[in-house]
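Reader: I would like to learn how to read this model feature by feature. Where do we start?

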Amino acid sequence: MIKPDITPPDEHAVWWFIVSGTQVLATASENDAEPIPYGNANFIPGAKSEYTAQIGEYRGKPAFVLSLTEPTLVLGGYAWQPLRQLLRFGDSELFAIAGRGCQLQHFLTTHQFCGKCGTQTVQDRNELAVLCPECEFRCYPRISPCMIVAVYRDRQILLARGVRHPEGLYSVLAGFVESGESFEQCVHREVFEEVGVRVRNIQYVTSQPWPFPHSLMAGFIAEYDSGELDLQDDEIVTADWFDIDQLPKTPPLGTIAARLIATVKAEVSA
Ligand SMILES: [Zn+2]
(Lines give C-alpha, C1' and ligand atoms only; values in the text may rest on other atoms or scores of the structure.)
Protein backbone atom coordinates (compact mmCIF):
# COMPACT_ATOMS: atom_id res chain seq x y z
CA MET A 1 0.00 0.00 0.00
CA ILE A 2 1.18 3.52 -0.73
CA LYS A 3 1.85 5.62 2.37
CA PRO A 4 1.43 9.23 1.29
CA ASP A 5 3.43 12.19 2.41
CA ILE A 6 5.91 10.53 4.79
CA THR A 7 9.70 10.72 5.04
CA PRO A 8 11.78 7.70 6.13
CA PRO A 9 13.36 7.93 9.61
CA ASP A 10 16.96 9.21 9.48
CA GLU A 11 18.50 5.93 10.60
CA HIS A 12 16.90 3.91 7.79
CA ALA A 13 18.39 3.52 4.33
CA VAL A 14 15.76 3.20 1.59
CA TRP A 15 15.60 3.11 -2.20
CA TRP A 16 14.86 6.49 -3.78
CA PHE A 17 12.76 6.76 -6.88
CA ILE A 18 13.40 10.41 -7.72
CA VAL A 19 10.93 11.48 -10.40
CA SER A 20 9.90 14.57 -12.30
CA GLY A 21 7.19 14.18 -14.92
CA THR A 22 8.25 11.00 -16.74
CA GLN A 23 11.95 11.51 -15.96
CA VAL A 24 13.67 9.31 -13.38
CA LEU A 25 17.11 9.70 -11.78
CA ALA A 26 19.00 6.44 -12.43
CA THR A 27 22.49 5.25 -13.29
CA ALA A 28 23.60 5.50 -16.89
CA SER A 29 24.81 1.90 -16.97
CA GLU A 30 22.47 -1.05 -16.56
CA ASN A 31 25.43 -2.98 -15.08
CA ASP A 32 25.61 -0.96 -11.87
CA ALA A 33 24.65 -2.89 -8.74
CA GLU A 34 22.38 -0.06 -7.59
CA PRO A 35 20.36 1.34 -10.50
CA ILE A 36 18.86 4.09 -8.33
CA PRO A 37 20.07 5.85 -5.14
CA TYR A 38 19.98 3.93 -1.86
CA GLY A 39 20.48 5.75 1.45
CA ASN A 40 18.76 7.72 4.20
CA ALA A 41 16.93 11.01 3.81
CA ASN A 42 20.03 13.05 4.71
CA PHE A 43 21.84 11.59 1.72
CA ILE A 44 19.27 12.87 -0.80
CA PRO A 45 19.07 16.64 -1.37
CA GLY A 46 15.47 17.81 -1.00
CA ALA A 47 14.21 14.61 0.61
CA LYS A 48 13.06 16.51 3.68
CA SER A 49 11.56 19.51 1.95
CA GLU A 50 9.88 18.08 -1.16
CA TYR A 51 7.02 15.60 -1.42
CA THR A 52 7.94 12.02 -0.51
CA ALA A 53 5.85 8.88 -0.02
CA GLN A 54 6.50 5.21 0.46
CA ILE A 55 5.41 3.49 -2.74
CA GLY A 56 6.27 -0.11 -1.96
CA GLU A 57 9.38 -2.22 -1.62
CA TYR A 58 12.25 -2.76 -4.01
CA ARG A 59 14.57 -5.74 -3.52
CA GLY A 60 12.98 -6.31 -0.14
CA LYS A 61 13.70 -2.79 1.18
CA PRO A 62 11.35 0.23 1.43
CA ALA A 63 10.99 2.23 -1.76
CA PHE A 64 10.27 5.95 -1.54
CA VAL A 65 9.36 8.42 -4.22
CA LEU A 66 10.78 11.93 -4.17
CA SER A 67 8.65 14.03 -6.46
CA LEU A 68 10.26 17.12 -7.98
CA THR A 69 8.62 19.79 -10.12
CA GLU A 70 11.68 20.09 -12.37
CA PRO A 71 14.37 17.47 -13.14
CA THR A 72 17.19 19.68 -11.84
CA LEU A 73 18.54 17.65 -8.91
CA VAL A 74 22.17 16.61 -9.43
CA LEU A 75 23.43 13.47 -7.70
CA GLY A 76 26.85 11.96 -8.51
CA GLY A 77 26.68 8.82 -10.66
CA TYR A 78 23.03 9.32 -11.64
CA ALA A 79 21.39 10.99 -14.61
CA TRP A 80 17.83 11.99 -15.46
CA GLN A 81 16.37 9.68 -18.06
CA PRO A 82 12.96 8.91 -19.54
CA LEU A 83 11.01 6.31 -17.55
CA ARG A 84 10.67 4.23 -20.71
CA GLN A 85 14.46 3.82 -20.87
CA LEU A 86 14.45 2.00 -17.54
CA LEU A 87 13.16 -1.02 -19.46
CA ARG A 88 16.73 -1.60 -20.64
CA PHE A 89 17.72 -2.68 -17.10
CA GLY A 90 15.58 -5.79 -17.67
CA ASP A 91 14.28 -5.33 -14.12
CA SER A 92 10.48 -5.43 -14.11
CA GLU A 93 10.28 -4.51 -10.41
CA LEU A 94 12.38 -1.38 -11.00
CA PHE A 95 10.24 -0.30 -13.98
CA ALA A 96 6.97 -1.01 -12.14
CA ILE A 97 7.87 1.00 -9.02
CA ALA A 98 9.35 3.88 -11.00
CA GLY A 99 6.13 3.91 -13.02
CA ARG A 100 4.11 4.05 -9.82
CA GLY A 101 6.19 7.02 -8.65
CA CYS A 102 5.57 8.87 -11.90
CA GLN A 103 1.84 8.12 -11.75
CA LEU A 104 1.67 9.39 -8.20
CA GLN A 105 3.33 12.63 -9.19
CA HIS A 106 1.04 12.96 -12.21
CA PHE A 107 -1.96 12.51 -9.94
CA LEU A 108 -0.85 15.17 -7.45
CA THR A 109 0.02 17.73 -10.12
CA THR A 110 -3.28 17.26 -11.99
CA HIS A 111 -5.56 17.30 -8.94
CA GLN A 112 -4.60 20.55 -7.26
CA PHE A 113 -8.15 21.86 -7.55
CA CYS A 114 -11.52 20.24 -6.94
CA GLY A 115 -13.13 19.05 -10.19
CA LYS A 116 -16.57 19.75 -8.75
CA CYS A 117 -16.32 23.21 -7.18
CA GLY A 118 -12.82 24.49 -8.06
CA THR A 119 -11.50 24.90 -4.51
CA GLN A 120 -7.83 24.07 -3.88
CA THR A 121 -7.59 20.46 -2.69
CA VAL A 122 -5.64 19.08 0.27
CA GLN A 123 -3.92 15.72 0.50
CA ASP A 124 -5.45 13.01 2.61
CA ARG A 125 -3.00 11.92 5.32
CA ASN A 126 -4.21 8.32 5.51
CA GLU A 127 -4.55 7.19 1.93
CA LEU A 128 -3.49 8.31 -1.49
CA ALA A 129 -6.28 10.73 -2.28
CA VAL A 130 -6.96 14.43 -2.45
CA LEU A 131 -9.88 15.99 -0.68
CA CYS A 132 -11.84 19.17 -1.27
CA PRO A 133 -12.13 21.09 2.03
CA GLU A 134 -15.20 22.93 0.70
CA CYS A 135 -17.52 20.23 -0.74
CA GLU A 136 -15.70 17.09 0.54
CA PHE A 137 -15.33 15.66 -2.97
CA ARG A 138 -12.56 13.05 -2.87
CA CYS A 139 -10.36 11.99 -5.76
CA TYR A 140 -8.15 8.95 -6.16
CA PRO A 141 -5.40 8.45 -8.75
CA ARG A 142 -6.92 7.88 -12.14
CA ILE A 143 -6.22 4.54 -13.80
CA SER A 144 -7.25 4.05 -17.42
CA PRO A 145 -7.86 0.45 -18.48
CA CYS A 146 -6.66 -0.57 -21.95
CA MET A 147 -6.73 -3.82 -23.80
CA ILE A 148 -3.74 -5.04 -25.75
CA VAL A 149 -4.14 -8.04 -28.03
CA ALA A 150 -1.96 -10.25 -30.21
CA VAL A 151 -4.09 -11.54 -33.10
CA TYR A 152 -2.86 -14.68 -34.87
CA ARG A 153 -3.84 -16.80 -37.87
CA ASP A 154 -2.12 -20.15 -38.36
CA ARG A 155 1.60 -19.34 -37.91
CA GLN A 156 1.16 -15.65 -38.60
CA ILE A 157 0.74 -12.77 -36.19
CA LEU A 158 -0.88 -9.42 -36.94
CA LEU A 159 1.47 -6.54 -36.15
CA ALA A 160 0.94 -2.85 -36.78
CA ARG A 161 2.86 0.36 -36.64
CA GLY A 162 0.78 2.94 -34.82
CA VAL A 163 1.07 6.66 -35.49
CA ARG A 164 3.03 7.09 -32.24
CA HIS A 165 5.48 4.24 -32.84
CA PRO A 166 9.01 5.00 -34.03
CA GLU A 167 9.86 4.13 -37.64
CA GLY A 168 10.34 0.40 -38.17
CA LEU A 169 8.82 -0.72 -34.86
CA TYR A 170 5.79 -3.00 -35.07
CA SER A 171 3.58 -4.03 -32.19
CA VAL A 172 0.31 -5.71 -31.34
CA LEU A 173 -2.95 -3.73 -31.23
CA ALA A 174 -4.09 -1.76 -28.19
CA GLY A 175 -6.85 0.62 -27.23
CA PHE A 176 -8.66 2.26 -24.33
CA VAL A 177 -11.73 0.67 -22.79
CA GLU A 178 -14.77 2.92 -23.18
CA SER A 179 -17.23 3.65 -20.39
CA GLY A 180 -19.57 0.72 -19.86
CA GLU A 181 -17.52 -1.68 -21.97
CA SER A 182 -15.96 -5.01 -20.95
CA PHE A 183 -12.40 -5.91 -21.91
CA GLU A 184 -13.69 -8.53 -24.35
CA GLN A 185 -16.02 -6.05 -26.04
CA CYS A 186 -13.12 -3.62 -26.26
CA VAL A 187 -10.94 -6.25 -27.96
CA HIS A 188 -13.63 -6.92 -30.61
CA ARG A 189 -14.34 -3.23 -31.19
CA GLU A 190 -10.75 -1.96 -31.28
CA VAL A 191 -9.45 -4.73 -33.54
CA PHE A 192 -12.31 -4.12 -35.99
CA GLU A 193 -11.93 -0.33 -35.86
CA GLU A 194 -8.15 -0.35 -36.26
CA VAL A 195 -7.61 -3.07 -38.84
CA GLY A 196 -11.07 -4.21 -40.02
CA VAL A 197 -10.94 -7.86 -38.97
CA ARG A 198 -13.06 -9.96 -36.63
CA VAL A 199 -11.52 -12.19 -33.94
CA ARG A 200 -12.64 -15.17 -31.85
CA ASN A 201 -11.34 -17.29 -28.99
CA ILE A 202 -10.07 -14.36 -26.89
CA GLN A 203 -7.81 -15.54 -24.06
CA TYR A 204 -6.55 -13.41 -21.19
CA VAL A 205 -2.76 -13.68 -20.67
CA THR A 206 -1.51 -11.07 -18.20
CA SER A 207 -1.65 -7.41 -17.23
CA GLN A 208 0.84 -4.57 -16.80
CA PRO A 209 0.53 -1.04 -15.47
CA TRP A 210 1.66 1.28 -18.25
CA PRO A 211 2.50 4.64 -16.68
CA PHE A 212 2.15 6.86 -19.78
CA PRO A 213 0.51 8.47 -17.97
CA HIS A 214 -1.81 6.09 -16.11
CA SER A 215 -2.92 3.09 -18.16
CA LEU A 216 -3.44 -0.45 -16.99
CA MET A 217 -3.00 -2.87 -19.87
CA ALA A 218 -4.93 -6.14 -19.88
CA GLY A 219 -3.23 -8.44 -22.37
CA PHE A 220 -4.97 -11.02 -24.56
CA ILE A 221 -4.32 -13.25 -27.51
CA ALA A 222 -7.09 -13.84 -30.05
CA GLU A 223 -7.57 -15.94 -33.14
CA TYR A 224 -8.39 -14.35 -36.49
CA ASP A 225 -11.97 -15.03 -37.52
CA SER A 226 -12.83 -13.14 -40.69
CA GLY A 227 -12.34 -10.01 -42.77
CA GLU A 228 -9.59 -8.33 -44.81
CA LEU A 229 -7.12 -5.77 -43.43
CA ASP A 230 -8.63 -2.30 -43.69
CA LEU A 231 -6.55 0.18 -41.69
CA GLN A 232 -7.78 3.14 -39.72
CA ASP A 233 -5.59 5.93 -41.10
CA ASP A 234 -5.50 8.20 -38.06
CA GLU A 235 -4.32 5.39 -35.72
CA ILE A 236 -2.42 2.86 -37.81
CA VAL A 237 0.32 3.69 -40.31
CA THR A 238 0.75 0.14 -41.52
CA ALA A 239 -0.22 -3.38 -40.46
CA ASP A 240 0.42 -6.83 -41.82
CA TRP A 241 0.55 -10.55 -41.08
CA PHE A 242 4.06 -11.74 -40.21
CA ASP A 243 5.37 -15.28 -40.01
CA ILE A 244 6.00 -15.94 -36.31
CA ASP A 245 9.61 -16.91 -37.12
CA GLN A 246 10.29 -13.81 -39.24
CA LEU A 247 9.24 -10.85 -37.17
CA PRO A 248 10.16 -7.21 -37.76
CA LYS A 249 11.48 -5.07 -34.89
CA THR A 250 9.06 -5.42 -31.96
CA PRO A 251 8.84 -3.92 -28.43
CA PRO A 252 11.62 -4.81 -25.96
CA LEU A 253 11.50 -7.51 -23.29
CA GLY A 254 9.77 -6.27 -20.18
CA THR A 255 6.81 -4.93 -22.13
CA ILE A 256 3.48 -6.69 -22.17
CA ALA A 257 3.57 -6.57 -25.98
CA ALA A 258 6.74 -8.70 -25.99
CA ARG A 259 5.10 -11.13 -23.61
CA LEU A 260 2.01 -11.48 -25.83
CA ILE A 261 4.11 -12.05 -28.95
CA ALA A 262 6.02 -14.78 -27.09
CA THR A 263 2.70 -16.31 -25.98
CA VAL A 264 1.45 -16.46 -29.58
CA LYS A 265 4.72 -18.04 -30.64
CA ALA A 266 4.34 -20.75 -27.99
CA GLU A 267 0.66 -21.21 -28.90
CA VAL A 268 1.19 -21.70 -32.63
CA SER A 269 4.32 -23.83 -32.14
CA ALA A 270 2.57 -26.24 -29.75
ZN1 LIG B 1 -15.07 20.86 -4.06
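**A hairpin to begin with**

Author: Strand 4 (residues 51-58) and strand 5 (residues 61-67) pair in the antiparallel sense, over seven bridges. Two strands pair if DSSP finds at least two bridges between them. Strands (E, at least two residues) and helices (H or I, at least four) are DSSP runs, numbered from the N terminus. This is a predicted model: local features need pLDDT of at least 70, side-chain atom pairs count only at pLDDT 80 or more, and totals for chains, interfaces and linings use all residues. Residues are numbered from 1 along each chain as its sequence is written.

Reader: In strand 5, which residue is the bridge partner of Tyr58?

Author: Lys61 is the bridge partner of Tyr58. Two residues lie between the strands of this hairpin, and Arg59 takes a positive phi near 50°.

Reader: How do I read an open sheet, and what is the strand order in the one with three strands?

Author: Strands of a sheet pair through backbone hydrogen bonds, either parallel or antiparallel. Here the order is 7-8-9, with antiparallel pairing. Strand 7 (122-123) and strand 9 (138-139) stand at the edges, each with a single partner strand, so one side of each has no neighbour in the sheet. Two bridges join strand 7 to strand 8 (residues 130-131). Gln123 has Val130 of strand 8 as its bridge partner.

Reader: Now a helix. Which residues of helix 3 are buried?

Author: An α-helix has 3.6 residues a turn, so residues three or four places apart point the same way. In helix 3, the buried residues are Ile256, Ala257, Leu260, Ile261 and Val264. Seen down the helix axis, they fall within an arc of 140°, so they line one face of helix 3. The arc is that of the directions from the helix axis to the C-beta atoms. A residue is buried if 20 or more other C-beta atoms lie within 10 Å of its own, exposed if 12 or fewer, and partly exposed in between, with C-beta atoms placed from the backbone.

Reader: What does the buried side of helix 3 pack against, and which exposed residues are on the face turned away?

Author: The buried residues pack against strand 10 (144-153), strand 11 (156-162), strand 13 (198-210) and strand 14 (215-226). The face turned away carries the exposed Ala266 and Ser269.

Reader: What about unusual backbone geometry?

Author: Most residues other than glycine have a negative phi, and most peptide bonds are trans. Glu136 has a positive phi of about 65°. Glu136 sits in the loop between strand 8 and strand 9, and is exposed, with 10 other C-beta atoms within 10 Å. Asn201 has a phi near 55°. Asn201 belongs to strand 13 and is exposed. The peptide bond from Phe212 to Pro213 is cis, with omega near -5°. Pro213 is in the loop between strand 13 and strand 14.

Reader: How many residues of domain 1 are in contact with domain 2?

Author: First, the bounds: they come from an automatic or database domain assignment. It gives domain 1 (14-110) and domain 2 (144-269). Their centres, taken over C-alpha atoms, are 30 Å apart. In domain 1, 10 residues are in contact with eight residues of domain 2. Contact means C-beta atoms, placed from the backbone, within 7 Å.

Reader: And the whole protein: how many helices and strands are there?

Author: There are three helices and 15 strands. Of the 270 residues, 32% are buried.

Definitions and conventions
Contact = placed C-beta atoms within 7 Å.
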